[in-house]
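Reader: I would like a close look at one strand and how it sits among its neighbours. Please take it step by step.

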Amino acid sequence: MKVGFLGAGKLAQALAKGLISANLTPAEKIICSCPRSDVILLDQMRKLGCRTTSNNGHVADDSRILILAVKPPVIPKVLKDVSEFITPQHLVISVAMGITTRQIEKVKREIRKPLTSVRKTIVVQNHEAIPE
């Protein structure tokens, strides 16, 4: 399973660690992006064995599960960055606090691409997925 994270902060790192330690996907099949200025976050993801980039489109193009792990105000920009790479085979999951499926659907209409979104945030703790 190829997983892409748009964002490489604490939540993305926790989810990546959970996926890897639960043997759901190997680290080399996880790719994440964030701005180059966040070099510390990219280094932390690399230490997990994940691939990193500053190109959101590359993440979307290289994954089938796309996790939006950025701050809520950044979601519309990030979705526009990846819109040309999204296919009907993508599962798009937002873990951004306060972002509703309706807000993602609004951006979907603007980019005119089908998106599947999952609204519930999952917290990975000790290899268990716990719905909030």
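Author: Start with a single pairing: Ile31 has Arg51 in strand β3 as its bridge partner. The model is a predicted one. Ile31 belongs to strand β2, which covers residues 30-33. β2 and β3 (residues 51-53) run parallel and are joined by 3 bridges. To get from β2 to β3, the chain passes through helix α2, residues 39-47, and this β-α-β crossover is right-handed.

β2 also pairs with strand β1, residues 3-6; the sense is again parallel, with 4 bridges. In this pairing, Leu6 stands opposite Ser33 of β2. Between the two strands comes helix α1, residues 10-21, and together β1, α1 and β2 form a right-handed β-α-β unit.

Now consider the side chains of β2. In a regular strand, side chains alternate between the two faces of the sheet. In β2, Ile30 and Cys32 point one way, while Ile31 and Ser33 point the other way. Which of these residues are buried? All of them are: Ile30, Ile31, Cys32 and Ser33. Both directions from the strand therefore lead to buried side chains, where buried means under 20% relative accessible area.

The strand can be placed in the whole chain as follows. The protein chain has 5 helices and 8 strands. Read from the N terminus, their order is β-α-β-α-β-α-β-α-β-α-β-β-β. Of the 132 residues, 41% are buried. Among contacts with a separation of 6 or more, 63% are between residues 24 or more positions apart. The chain exposes about 7,600 Å², and 55% of that comes from carbon and sulfur atoms.

A helix further along gives something to set beside β2. Helix α4 spans residues 75-82, and its buried residues are Ile75, Val78, Leu79 and Val82. Viewed down the axis of α4, these buried residues lie within an arc of 100 degrees, so they line one face of the helix.

Ile75 of α4 can serve as an example. Its relative accessibility is 3%, and because buried means under 20%, Ile75 counts as buried. Beyond the neighbours within four places in sequence, Ile75 is in contact with Leu68, Val70, Ser94, Ala96 and Ile99. Ile75 and Ile99 are 24 residues apart in sequence, and their C-alpha atoms are 8.3 Å apart in space.

To return to the strand: β2 pairs in parallel with β1 and runs parallel to β3, and its residues Ile30, Ile31, Cys32 and Ser33 are all buried.

Definitions and conventions: Residues are numbered from 1 along each chain as its sequence is written. This is a predicted model: local features need pLDDT of at least 70, side-chain atom pairs count only at pLDDT 80 or more; totals for chains, interfaces and linings use all residues. Side-chain values use heavy atoms; hydrogens and water are left out. Buried means under 20% relative accessible area, exposed over 50%, partly exposed in between (1.4 Å probe, protein chains only). Contact means heavy atoms within 4.5 Å. Accessible areas come from the Shrake-Rupley method with a 1.4 Å probe; for residues, only the protein chains shown count as cover. The arc is that of the directions from the helix axis to the C-beta atoms. Two strands pair if DSSP finds at least two bridges between them. A crossover is right-handed if, with the strands pointing away from the viewer, the path from the first strand over the helix to the second runs clockwise.
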